[in-house]
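User: I would like to learn how to read helix packing, burial and surface patches from a structure. Can we work through one example?

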Amino acid sequence: TDLEAERQLQSSKKKKASSSSCSGCNKKKRRRLDLQVTCDPNVENYFACLLNESGFSVENAELDVVSEETISTSIPKDLIDLLCDSLHSEESCENLSIASTPQFKAVLWLSSDPLLNNRTDEMKKQMFALSVLFWTTGGLQQHGGWGDHFVPVCSWEYIVCNDDGQIIEMNMPEVLAGEGYLPAELSLLDNLQKMILYGNNLIGTIPTEFGADGAFPDLQEIRLRFNDLDGEIPSEL
């Protein structure tokens with residue numbers, strides 16, 4: 001009957017709607033007006049959810065690709081060249097091509113930015129550096145704008161910029177989610193004056209890249225106490 005046909009049609013629509021959602025997302029709550037990312041940062045496949053929100057087709061956070069074209073081919077070569085030419089070590093550049101590294105996740109996130117072509121090279125480097133910190137430390141406890149392409153970097157929580165949109169302060173005491181290390185990629189923040197990262201359970205050593213020629217020319221203050229860092233302050237720094 002017409003009534004039964006209508007019921008079958010409605011049932012089919014519900015099944016189709018449920019099968020299109022990605023794990024960790026609630027697309028019903030997504031608003032096109034503010035383009036707010038709705039992925040839950042507390043779930044294991046948060047990264048995969050971000051990629052799916054950006055148009056990629058990914059099964060999980062280990063970057064298993066289910067589309068015909070691999071994710072790696074979607075990263076613009078000029079973006080890789082920009083980052084590699086700006087990084088202060090070959091190892092940092094090599095990490096861009098190793099899946100599951102924070103650097104790979106960061107460049108993949110950046111390459112999926114709908115506004116990428118409108119970004120200056122300096123802004124791309126700033127976004128990449130902060131994204132590497134995000135993935136290196138397991139994500140921030142409070143994600144105030146971090147990881148959202150549609151929130152300007154200067155509006156991300158804990159970040160202070162000058163009038164030219166250049167990051168001059170990272171004021172992040174006791175805010176990182178878990179054990180992590182200081183990524184050398186922070187040296188891409190050419191205009192940084194203050195790096196406040198005490199009380200964050202950071203391990204490892206202070207990267208020698210922090211003292212490389214041309215790195216942090218304006219750095220005035222760095223606070224790393226109450227972490228679990230090893231070794232000495234690099235002579236380069």
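Analyst: The turns below take a few features of this predicted model one by one.

User: At what angle do helix 3 and helix 5 pack?

Analyst: The general idea is to compare the directions of the two axes. Helix 3 (residues 77–86) and helix 5 (residues 102–111) meet at about 135°, and their axes lie 11 Å apart. The two helices are therefore oblique to each other, and their crossing is right-handed.

User: How many residues of helix 5 are buried?

Analyst: A residue is called buried when its relative accessible area is under 20%. In helix 5, 10 of the 10 residues are buried, so this helix is largely enclosed by the rest of the structure. Among them are Phe 104, Val 107, Leu 108 and Trp 109, and also Gln 103 and Lys 105.

User: Is Asp 148 buried or exposed?

Analyst: Asp 148 is in the loop between helix 6 (121–136) and strand 1 (159–161). Its relative accessibility is 11%, so Asp 148 counts as buried.

User: How far apart are Asp 148 and Trp 109 in sequence and in space?

Analyst: Separation in sequence and separation in space are read independently. Asp 148 and Trp 109 are 39 residues apart along the sequence, with 9.6 Å between their C-alpha atoms.

User: Which residues form a nonpolar patch on the surface?

Analyst: The patch consists of Ile 222, Ile 233 and Leu 237, which together have about 270 Å² of accessible area. Ile 222 belongs to strand 6 (residues 221–223). Ile 222 has a relative accessible area of 33%, so it is partly exposed.

Notes: Residues are numbered from 1 along each chain as its sequence is written. This is a predicted model: local features need pLDDT of at least 70, side-chain atom pairs count only at pLDDT 80 or more; totals for chains, interfaces and linings use all residues. Side-chain values use heavy atoms; hydrogens and water are left out. Patches are made of residues with over 30% relative accessible area and no salt bridge: like charges are joined within 9 Å, nonpolar side chains (Val, Leu, Ile, Met, Phe, Trp, Tyr) within 5 Å. Accessible areas come from the Shrake-Rupley method with a 1.4 Å probe; for residues, only the protein chains shown count as cover. A salt bridge is a side-chain nitrogen of Lys or Arg within 4 Å of a carboxyl oxygen of Asp or Glu. Helices (H or I, at least four residues) and strands (E, at least two) are DSSP runs, numbered from the N terminus. Buried means under 20% relative accessible area, exposed over 50%, partly exposed in between (1.4 Å probe, protein chains only). Axes are lines fitted to C-alpha atoms, for helices over the stretch in contact, and angles run from 0 to 180 degrees between N-to-C directions. Angles under 35 degrees count as roughly parallel, over 145 as roughly antiparallel, 65 to 115 as roughly perpendicular and the rest as oblique. A crossing is left-handed if the near helix is turned anticlockwise from the far one by less than a right angle, and right-handed if clockwise.
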